[in-house]
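Here are my notes on this model, set out as numbered points. Please read them alongside the sequence and the coordinates.

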Amino acid sequence: MNAAPSKGEQGMSEPEKTEAKPAAGKKPGMVMLVVVGALAVGGGVGTPLLISKLSGEEAEAAAHPRVTKIAGIEMPEPGSKTTFIDFEEVVVNLNESRFNRYLKVGFSLQIASTQKSAIETLITQKQVVLKNWLISHIADKSLEDVGSKMGHNRLRREIHDQFNLVLFDDGVERVQDVLFKEFNIQ
């Protein structure tokens, strides 16, 4: 009889133990499920509200752009769309000792569309200075300096940097890129 009661006691204590373990395991799992569900619902509701608020701020910023004055000209903040301004074509003798070679170059400046009229005005005001620098700069170059792809890219960077320096005294680079339309060496 001693053996039977101990089996019964063991049989009764095992179901109690197995029921206690899953119950303890289900509560933390249930809490995690509720927390994750609440975060998902909150994110689903909050995200569209946040996006609409940000879009409203962007629309208001576009309607009332900030303006900076450069050389007495109002310069609006740049937008995401770009446009191009053609610069006057230049013909320059290259620095070659044996041959008389020249470079005919035409290019466009890539800028923000919102700033086009202000930058065109600045270019018109400073065109003599810009063209003088361009002629002097290219005249110091040899065929070897400008004849390769690396030479083209270096010249584009140099024009980009100098035009930004001359046009904008606040240090902000508003000319985004210089793109050659014509590049003829004779």
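1. Are Phe107 and Phe163 buried or exposed? In this predicted model, Phe107 is buried, and Phe163 is buried as well. Their ring centres lie 5.8 Å apart with the planes at 70°, so the pair is edge-to-face. The contact joins distant parts of the chain, since Phe107 belongs to strand S4 (residues 102-112) and Phe163 to helix H4 (residues 149-167), with their positions 56 residues apart in the numbering. Ring pairs also bring in Phe87, which forms a cluster with Phe107 and Phe163.

2. The aromatic pairs number four across the whole structure, and another of them deserves a comment. Phe180 and Phe183 have ring centres 4.9 Å apart and planes at 55°, so this pair is classed as tilted. The two residues fall on either side of the 20% limit for burial: Phe180 is partly exposed at a relative accessible area of 22%, whereas Phe183, at 17%, counts as buried. Separately, Arg174 is placed over the face of Phe168, at 5.3 Å from the ring centre.

3. Among the seven salt bridges of the structure, one is formed by Glu88 and Lys131, whose closest N and O atoms are 2.4 Å apart. This pair connects strand S3 (residues 82-93), which holds Glu88, to helix H2 (residues 116-139), which holds Lys131, across 43 residues of the chain. Both partners count as partly exposed, Glu88 with a relative accessibility of 38% and Lys131 with 23%.

4. Strand S5 (residues 177-185) contributes Glu182 to a salt bridge with Lys104 of strand S4, the two residues being 78 apart, and here the closest N and O atoms are separated by 3.6 Å. Glu182 is partly exposed at 21%, as is Lys104 at 26%. The same two residues, together with Glu89, are linked in a network of salt bridges.

5. A further salt bridge joins Arg156 to Asp177, with 2.8 Å between the closest N and O atoms. Arg156 lies in helix H4 and Asp177 in strand S5, so the pair ties together parts that are 21 residues apart in sequence. Relative accessible areas of 21% for Arg156 and 23% for Asp177 make each of them partly exposed.

6. Confidence should be considered when these points are weighed. The mean pLDDT of the protein is 79, and 71% of its residues reach 70 or more; among the elements, H4 has the highest mean value (94) and H1 the lowest (61). Helix H1 (residues 3-63) contains Met30, which forms a nonpolar surface patch with Leu33 and Val34, their accessible area together being about 320 Å².

Technical notes. Residues numbered from 1 in each chain as written. Predicted model: local features only at pLDDT ≥ 70, side-chain atom pairs only at ≥ 80, totals over all residues. Heavy atoms only, no water. Phe/Tyr/Trp six-rings, centres within 6.5 Å; stacked < 30°, edge-to-face > 60°. Helix = DSSP H or I, 4+ residues; strand = E, 2+ residues; numbered from the N terminus. Buried < 20%, exposed > 50% of the residue type's maximum accessible area, 1.4 Å probe, protein only. Lys NZ or Arg CZ within 6 Å of the ring centre and 35° of its normal. Patch = residues over 30% accessible without salt bridge, like charges linked within 9 Å, V, L, I, M, F, W, Y side chains within 5 Å. Areas by Shrake-Rupley, 256 points an atom, 1.4 Å probe, with all protein chains shown as cover. Salt bridge = Lys/Arg side-chain N within 4 Å of Asp/Glu carboxyl O. pLDDT = per-residue confidence, 0-100.
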